[in-house]
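Biologist: I'd like a close look at just one part of this model: the pocket and what packs around it. Take your time and walk me through it residue by residue.

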Amino acid sequence: MKIRRATHEDALAIARVHVRSWQAAYRGLIDDEFLDALRPEDRAPIYKFGAAADGGIETIVSEVGREIVGFSAFGPCRDADAAGAGEIYALYIDPGHVGTGAGRELLLESRRRLAAAGFSDGVLWVLRGNEGAERFYAADGWRRDGAAREEDPYGPVVEVRRFRRRLGD
């Protein structure tokens, strides 16, 4: 398994992982019709490929062989009450590679890069009801900080809960 910075050429492969992971992880939490209608070709243009150290969104991928099996996107926190923190905006693993360590490696590298960019704390948001994700992040020391909000991630309105941790630990 190899972790590397994503490039524009990775956009469609990242979108495939994103769609498949949403369809698996969010079934029963987000409308099935919405999930079934997701297409990687529609999502590929939305990804950003900057650097967190430059104040932008950085995306990294996990590869097995030459196949992208997961990705993480992170950068400065968007929340006014957590100014100065880094944020993991997305971390998704292809359903066929869940449990292989790809997610853990992406999470560790995301934290490392955010810390290297000068962020001491990190936040991330988890869809309410996604107990698997909550357990995954809790195992890495992330804890709910009490913040919750409604979002509309490309369609349906959902509730998400914020998690926080020190990045250097």
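Modeller: A bit of bookkeeping before we start: Ala, Val, Leu, Ile, Met, Phe, Trp, Tyr, Cys and Pro go down as nonpolar, Asp, Glu, Lys and Arg as charged, and the others, Gly among them, as polar. Keep in mind too that this is a predicted model.

Sorted that way, the lining of the largest pocket comes out as 30 nonpolar, 10 polar and 8 charged residues. The space inside the largest pocket is about 1200 Å³. It is lined by 48 residues, and the ones closest to its centre are Tyr26, Tyr89, Ala90, Leu91 and Tyr92. As for who pays for the walls, S4 makes the largest contribution, with 7 residues of the lining. The elements that each put in at least two residues are H1, S3, S4, H4, S5, H5, S6 and S7.

Let's start from Tyr92, one of the residues closest to the pocket centre. Tyr92 sits in strand S4. It counts as buried because its relative accessibility is 14%, and the cut-off for buried is under 20%. Beyond four places in sequence, Tyr92 touches Val17, His18, Ser21, Trp22, Tyr26, Val69, Gly70, Phe71 and Leu106. With Leu106, the C-alpha atoms are 9.1 Å apart, for residues 14 places from each other in sequence.

Ser21 is the H1 partner I'd click on next. Its relative accessible area is 5%, so Ser21 is buried. Leaving out neighbours within four places in sequence, Ser21 makes contact with Tyr26, Tyr92, Ile93 and Pro95. Tyr26 thus turns up in the contact lists of Ser21 and Tyr92, and Tyr26 is also among the residues closest to the pocket centre.

Now for the packing. The largest nonpolar core has 26 residues, with Trp22, Ile30 and Phe71 making the most contacts inside it. Two or more residues of this core come from each of helix H1 (11-25), helix H2 (32-37), strand S3 (67-76), strand S4 (86-93), strand S5 (121-127) and strand S7 (158-166). H1 supplies the largest share, 6 residues. A separate core of 18 residues lies apart from it, and includes Val69, Ile93, Leu124 and Val126.

Back to Phe71. Past its neighbours within four places in sequence, it contacts Ile14, Val17, His18, Tyr47, Thr59, Ile60, Val61, Ala90, Leu91, Tyr92 and Leu106. Ala90, Leu91 and Tyr92 in that list are also among the residues closest to the centre of the pocket.

Ser72 is in strand S3. At 0% relative accessibility, Ser72 is buried. Outside its sequence neighbours within four places, Ser72 contacts Glu58, Thr59, Ile60, Ile88, Ala90, Leu91, Leu106 and Ser110. Aspartate 121 is another story: its C-alpha is 17 Å from that of Ser72, with their positions 49 residues apart in sequence.

Thr59, which shows up for Phe71 and for Ser72, belongs to strand S2 (residues 58-64). Its 3% relative accessibility makes Thr59 buried. With neighbours within four places set aside, Thr59 meets Arg5, Ala6, Ile14, Lys48, Phe49, Phe71, Ser72 and Ala73.

H5 deserves a stop as well, since at least two of its residues are in the pocket lining. Helix H5 (residues 131-139) has Ala133, Glu134 and Tyr137 as its buried residues. These span an arc of only 100° around the axis, so they are on the same side of H5. An α-helix has 3.6 residues a turn, so residues three or four places apart point the same way. The cover over the buried residues of H5 includes S4, helix H4 (102-116), S5, strand S6 (143-151) and S7. On the face turned away from the buried side, H5 carries the exposed residues Glu131, Arg135 and Ala139. After H5 comes Gly141, with a positive phi near 95°.

One last residue from the packing around H2: Phe34 lies in that helix. Phe34 is buried, at a relative accessible area of 17%. Its C-alpha is 7.8 Å from that of Gly155, a residue 121 places away along the chain.

Key. Residues are numbered from 1 along each chain as its sequence is written. This is a predicted model: local features need pLDDT of at least 70, side-chain atom pairs count only at pLDDT 80 or more; totals for chains, interfaces and linings use all residues. Side-chain values use heavy atoms; hydrogens and water are left out. A nonpolar core is a set of buried Ala, Val, Leu, Ile, Met, Phe, Trp, Tyr and Cys residues joined through side-chain atoms within 4.5 Å. Buried means under 20% relative accessible area, exposed over 50%, partly exposed in between (1.4 Å probe, protein chains only). Helices (H or I, at least four residues) and strands (E, at least two) are DSSP runs, numbered from the N terminus. Contact means heavy atoms within 4.5 Å. The arc is that of the directions from the helix axis to the C-beta atoms. On a 1 Å grid over the protein atoms alone, a cavity is a set of points where a 1.4 Å probe fits but cannot get out, and a pocket is an open set with protein on both sides within 12 Å along at least five of seven lines; lining residues have an atom within 4 Å of a point. Grid points are joined across faces, edges and corners, and a volume is the space filled by probe spheres set on the points.
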